[in-house]
Amino acid sequence: MTGLHKAFRILVITVFLGTAYHTYGNLVEEYKNGLIWKEPEVVQTPPHQPPSDAIVLFDGKNLDKWKNGDQWKIKDGYAITTKKDIETRQSFGDCQLHIEWATPKKVKGNGQGRGNSGVFLMGQYEVQILDSYENKTYFDGQAGSIYKQYPPLVNACRKPGEWQTYDIIFTAPRFNEYGQLVKPAYVTVIQNGVVVQNHTELQGATFYHQPPFYTAHEEKLPIQLQFHRNDTQFRNIWVRELSEIQPIGCVCPE
């Protein structure tokens with residue numbers, strides 16, 4: 001090894017050891033952004049139960065928290081769609097919604113005629129419910145779709161009659177004082193543990209007969225479940241209200 005090569009090797013080793021010393025020896029000053037945050041509240045998450053801060057909308061006993069809830073049948077701890085849509089008595093904006101549903105075990109019809117229902121966030125942004133197990137229909141109308149806007153990323157449907165879950169994270173749209181859209185709505189849908197909508201930006205309200213568009217509305221509105229002339233079943237429905245995180249102060253350099 002020449003003297004030049006030996007000197008270069010010593011230099012490399014010295015730089016490496018110096019870097020490691022500063023990194024692992026905690027001699028580098030810690031970065032702090034200066035923001036002061038409120039301490040996160042503790043939420044209990046018992047197995048197979050709603051979180052402790054959840055609002056239980058249906059526990060298998062009654063639909064008292066829903067307008068027209070007396071129009072649906074309740075049997076063996078689940079509700080069966082009949083007669084008309086139902087909507088929550090309480091209004092919601094940004095939220096996390098858990099809902100379990102099942103389409104009829106005995107298959108009748110095809111396409112949109114099999115186990116059709118829907119979850120309408122704020123009464124106007126629909127996540128489609130449908131028996132999409134070996135059942136062809138238009139892709140932006142199958143289970144897990146944002147109706148007439150976006151198909152699901154994958155078809156995660158179980159067989160007819162089997163219970164399925166939606167975990168929906170919804171961010172409501174924002175409008176200014178003049179009724180103009182400032183921020184669109186976003187929705188993430190996890191069906192049976194699989195992401196089928198990933199922070200999807202909604203184009204507006206979902207319609208059957210016309211393109212989507214936004215109309216200014218209240219910050220909070222009811223959640224609606226659809227009756228579409230099919231005996232779709234529901235159980236274990238709960239919701240958590242979400243809020244945007246903001247710092248409560250700042251220790252910032254002048």
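Hi everyone, a definition to start: a residue is buried when its relative accessible area is under 20%, exposed when over 50%, and partly exposed in between, using a 1.4 Å probe and protein chains only. With that in hand, glutamate 244 at 47% relative accessibility counts as partly exposed, and we'll come back to that residue.

First, some housekeeping. This is a predicted model, where local features need pLDDT of at least 70 and side-chain atom pairs count only at pLDDT 80 or more, while totals for chains, interfaces and linings use all residues. Residues are numbered from 1 along each chain as its sequence is written, and side-chain values use heavy atoms, with hydrogens and water left out.

Now the overall picture. The protein has 1 helix and 17 strands; these are DSSP runs numbered from the N terminus, helices being H or I with at least four residues and strands E with at least two. Of its 254 residues, 41% count as buried. If we take contacts (heavy atoms within 4.5 Å) between residues at least 6 apart in sequence, 63% join residues at least 24 apart. The accessible surface comes to about 15,700 Å², and 53% of that belongs to carbon and sulfur atoms. Those areas come from the Shrake-Rupley method with a 1.4 Å probe.

On to the salt bridges. By that I mean a side-chain nitrogen of Lys or Arg within 4 Å of a carboxyl oxygen of Asp or Glu. The structure holds 8 of them, and I'll walk you through three.

Here is glutamate 244 again: which residue does glutamate 244 form a salt bridge with? The partner is arginine 174, with the closest N and O atoms 3.6 Å apart. Glutamate 244 sits in the loop between strand S16 (233-241) and strand S17 (249-250), and arginine 174 in strand S11 (residues 174-175), so the pair ties together parts 70 residues apart in sequence. Arginine 174 is partly exposed too, at 27%.

Next, lysine 220 and glutamate 241 form a salt bridge, their closest N and O atoms being 3.1 Å apart. This pair links distant parts of the chain: lysine 220 is in the loop between strand S14 (194-201) and strand S15 (224-225), glutamate 241 is in strand S16, and they are 21 residues apart. Lysine 220 is partly exposed at 44%, and glutamate 241 is partly exposed at 36%. There is also a network, in which salt bridges that share partners join Asp94, Arg174, Lys183 and Glu244.

The third pair is lysine 67 with glutamate 87, at 3.8 Å from N to O. Lysine 67 belongs to strand S3 (residues 66-67) and glutamate 87 to strand S6 (residues 86-88), 20 residues apart.

Last topic, the pockets. On a 1 Å grid over the protein atoms alone, a pocket is an open set of points where a 1.4 Å probe fits, with protein on both sides within 12 Å along at least five of seven lines; lining residues have an atom within 4 Å of a point. The largest pocket holds about 540 Å³ of space. Of its 15 lining residues, the closest to the centre are Pro40, Glu41, Arg240, Ser243 and Ile245. The lining divides into 6 nonpolar, 2 polar and 7 charged residues.

The second largest pocket holds about 250 Å³. Its lining residues include Arg174, Lys220 and Glu241, which you'll recognise from the salt bridges. Thanks for listening!

Notes: Points joined across faces, edges and corners; volume = space filled by probe spheres on them. Nonpolar A, V, L, I, M, F, W, Y, C, P; charged D, E, K, R; others polar.
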